[in-house]
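Take a look at the fold below. We will walk through it one piece at a time.

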Amino acid sequence: MYQRILVAIDSSHAAERALAEAIGNARASGGRLILVHALEEPADAIGANPYAAEYVRGLNEVTKQAAADLLDRARDRAAAAGVQAEAVLLEPGAAPVAERIVQSARDRKADLIVMGTHGRHGVKRVMLGSNAHGVLRVADVPVLLVRTP
């Protein structure tokens with residue numbers, strides 16, 4: 001059974017379902033959770049505007065606080081279910097979100113990654129991208145994708 005389960009969360013319904021699945025798996029195996037939220041860079045168009053610097057700084061602070069709150073709620077939810085969890089906020093970086101999630105799993109020796117997915121396919125997936133698909137392509141551990149109905 002899995003002992004170190006990394007669950008990537010955001011504020012989506014898919015992530016809520018993934019968190020519930022990860023908590024259930026951790027309870028069943030006596031494992032623990034590694035809750036991860038990856039911040040993204042502000043849009044290049046905003047960042048390139050010299051008049052937007054103050055706005056971007058404020059936006060970054062609001063975004064970080066919202067992410068910290070999201071992780072706190074997820075940790076509280078795990079604790080209420082009797083599951084130990086640590087929270088990790090991944091700062092924006094040069095690597096795409098999917099690669100930062102996989103690197104976090106490596107760094108923390110996770111033996112399972114759990115993520116929600118919207119199940120988009122075709123043009124929608126190409127246009128919107130898919131962090132879940134990116135993680136699935138590069139992860140060295142099993143990945144459990146929890147699909148939103």
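Start where two neighbouring strands meet. Strand 4 and strand 5 run parallel, and 5 bridges join them. One residue shows the pairing well: Thr117 stands opposite Arg147 in strand 5. Keep in mind that this is a predicted model.

Now look to the other neighbour of strand 4. Strand 1, residues 4-8, pairs with strand 4, residues 112-117. The sense is again parallel, and there are 4 bridges. Ile5 has Leu112 in strand 4 as its bridge partner. Further along, Ala8 stands opposite Met115 in strand 4. What holds such pairs together? Strands of a sheet pair through backbone hydrogen bonds, either parallel or antiparallel.

Step back to see the whole sheet. It is an open sheet of 5 strands. Their order is 3-2-1-4-5, and the pairing is parallel. Which strands sit at the edges? They are strand 3 (85-90) and strand 5 (143-147), and each of them pairs on one side only. From one strand to the next, the twist averages 20°.

A helix lies against this sheet. Helix 6, residues 131-138, packs on the sheet and touches strand 4 and strand 5. The direction of helix 6 makes about 155° with that of strand 4.

Place these pieces in the chain as a whole. The chain has 6 helices and 5 strands. Along the sequence the pattern reads β-α-β-α-α-β-α-β-α-α-β. The chain has 149 residues, and 38% of them count as buried. Many contacts join distant parts of the sequence. Take the contacts with a separation of 6 or more: residues 24 or more positions apart account for 77% of them.

Return to strand 4. Is it enclosed or open to the outside? All 6 of its 6 residues are buried, so strand 4 is largely enclosed by the rest of the structure. Both of its faces are covered. On one side, Leu112, Val114 and Gly116 are buried. On the other side, Ile113, Met115 and Thr117 are buried too.

Next comes helix 4, residues 97-107. Which of its residues are buried? They are Val97, Ala98, Arg100, Ile101, Val102, Ser104 and Ala105. What covers them? The cover includes strand 1, strand 2, strand 3, strand 4 and helix 6.

Helix 6 deserves a second look here. The axes of helix 4 and helix 6 come within 8 Å and cross at roughly 50°. That angle makes helix 4 oblique to helix 6. The crossing is right-handed. Several residues meet between the two helices. Helix 4 brings Val97, Ala98, Ile101, Val102 and Arg106. Helix 6 brings Asn131, Gly134, Val135 and Val138.

Follow the chain out of helix 4. Lys109 lies in the loop between helix 4 and strand 4. Its phi is near 55°, a positive value in a residue other than glycine. Why point that out? Most residues other than glycine have a negative phi, and most peptide bonds are trans. Is Lys109 buried or exposed? Its relative accessibility is 64%, so Lys109 counts as exposed. Exposed here means over 50%.

Compare that with a residue in the sheet. His37 is found in strand 2, residues 32-38. The relative accessibility of His37 is 13%, so this residue counts as buried. The cut-off for buried is under 20%. What does the side chain of His37 reach? It reaches the backbone oxygen of Ile9, at 2.8 Å. His37 has other neighbours as well. Leaving out residues up to four places away in sequence, His37 touches Ile9, Asp10, Ala67, Leu70, Leu71, Val88, Leu89 and Leu90.

End at the start of the chain. Met1 lies in the segment before strand 1. Met1 has a relative accessible area of 72%, so it is exposed. Where does Ala28 sit relative to Met1? The two are 27 residues apart in sequence. In space, they are 8.5 Å apart, C-alpha to C-alpha.

Notes. Residues are numbered from 1 along each chain as its sequence is written. This is a predicted model: local features need pLDDT of at least 70, side-chain atom pairs count only at pLDDT 80 or more; totals for chains, interfaces and linings use all residues. Side-chain values use heavy atoms; hydrogens and water are left out. Two strands pair if DSSP finds at least two bridges between them. Axes are lines fitted to C-alpha atoms, for helices over the stretch in contact, and angles run from 0 to 180 degrees between N-to-C directions. Contact means heavy atoms within 4.5 Å. Buried means under 20% relative accessible area, exposed over 50%, partly exposed in between (1.4 Å probe, protein chains only). A polar contact is a pair of N or O atoms within 3.5 Å; within protein, one must be able to donate a hydrogen and the other to accept it, and residues adjacent in sequence count only if both atoms are side-chain atoms. Angles under 35 degrees count as roughly parallel, over 145 as roughly antiparallel, 65 to 115 as roughly perpendicular and the rest as oblique. A crossing is left-handed if the near helix is turned anticlockwise from the far one by less than a right angle, and right-handed if clockwise.
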